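Morning, everyone. I'll put the structure up, then walk you through a helix pair and a sheet.

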Amino acid sequence: MSRLIDLYRSMARIRAFENAAEVASQGGVQAFGQTTSGEPARVRGPLHLSTGQEAVAAGVCHHLRRTDLLTSTHRGHGHTLAKGADVGRMMCELFGRASGTNQGKGGSMHIADFSVGMLGANGVVAAGLPIAVGAAHALKLQRRDAVVACFFGDGAINRGPFLEALNWAQVYRLPVLFVCEDNCYSATTRTDAMTAGDGAAARALAMGIDARQVDGNDVEAVCDAAGELLAAVRADRGPRLLHALTYRFKGHVSVDPAAYRDPDEVRQALAADPIAIARRRFVDGGGDAGSLDAIDREAKAEIDAALAAADAAPWPDAALAFTDVQTTGAGQWR
């Protein structure tokens, strides 16, 4: 039961963060045919939420050490939190403030925190895959006792970097766990309308990579499967792949009402809320629901404090725009 409490706490923190970030991003902007409130948005730019997918991040990251590495997607807040990034600095990053994890320059889609091994979210679909493989190859060459967890969405398996990354990882027996977070949609299109075959696990098996499909809404099932696969990766038995079937509760971005989805489909998905499933299992196993209520309150209080800190944090100095920039040496960038 203690493991389930830890997993629940991780999911509750992610859900509270995403809920707060969603509200903070919905200012007086018009998108997808809808206009939100007249208040100015406190989070600028596209915000991709992982609401409903918390069990995947919590279940996988439960087994990761601080020294392990992680790459993420444009929908990466949950992975970043589960890996151990500071909530306050994360919120400051979304707000574009100087005290953010990347001094406000990464924002939501490119948030990173090297101090906990989080190499970065990525706004380019499938771009995290070769980064993860490169990091895993470096770990192997350096003989470091660490692994890489690589999160990507179902839409990424139709892009070239997926095949290239899995091939390279298998050929060189690299210490990487590929995690396909299959939320049924690639932006605004159902995955089954654009992806042939049986999906990520089948494609990995075709390359000789041991793969497993799991109910991505069952945090304990994810945790069990990820634990077994990561044990094999740590034992130098090559890469592994976890195909987690879940659902994205929200639209593609925080101001997208997702009217392209069938209402019955959404209702069925909401009935399989991973947090609600974990709560029922805990109570059915004899646990006190009050302890989970306390976790929910603690998560909300933590995020409320992060919001207040982000609102009060200073904006970055304009000179910071010229730091952390790659130059070809020719001077054209000036």
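Start with helix 1, residues 2-25, and helix 10, residues 274-284: they pack at an angle of about 150°, and their axes are 10 Å apart. This is a predicted model, by the way. Are these two helices roughly parallel or roughly antiparallel? Angles over 145 degrees count as roughly antiparallel, and therefore that is what helix 1 and helix 10 are. Their crossing is left-handed.

Now, who touches whom? Helix 1 brings Leu4, Ile5, Tyr8, Met11, Ala12 and Arg15. Helix 10 answers with Pro274, Ile275, Ala278, Arg279, Arg281 and Phe282. By class, the residues of this contact are 9 nonpolar, 3 charged and no polar.

On to the sheet. It is open, has 6 strands, and pairs in parallel. Read the order as 4-3-5-6-10-9. Which strands stand at the edges? Strand 4, 118-120, and strand 9, 210-215. Each has a single partner strand, so one side of each is left without a neighbour in the sheet. From one strand to the next, the twist averages 20°.

Take one pairing in detail. Strand 3, residues 69-71, runs parallel to strand 5, residues 148-153, and 3 bridges join them. Leucine 69 has valine 148 in strand 5 as its bridge partner.

Two helices pack on this sheet. Helix 5, residues 128-141, touches strands 3, 4, 5 and 6. Its direction makes about 170° with that of strand 5. Helix 6, residues 160-171, touches strands 5, 6 and 10. With strand 6, the direction of helix 6 makes about 150°.

Notes
Residues are numbered from 1 along each chain as its sequence is written. This is a predicted model: local features need pLDDT of at least 70, side-chain atom pairs count only at pLDDT 80 or more; totals for chains, interfaces and linings use all residues. Side-chain values use heavy atoms; hydrogens and water are left out. Two strands pair if DSSP finds at least two bridges between them. Helices (H or I, at least four residues) and strands (E, at least two) are DSSP runs, numbered from the N terminus. Axes are lines fitted to C-alpha atoms, for helices over the stretch in contact, and angles run from 0 to 180 degrees between N-to-C directions. Contact means heavy atoms within 4.5 Å. Angles under 35 degrees count as roughly parallel, over 145 as roughly antiparallel, 65 to 115 as roughly perpendicular and the rest as oblique. A crossing is left-handed if the near helix is turned anticlockwise from the far one by less than a right angle, and right-handed if clockwise. Ala, Val, Leu, Ile, Met, Phe, Trp, Tyr, Cys and Pro count as nonpolar, Asp, Glu, Lys and Arg as charged, and the others, Gly among them, as polar.
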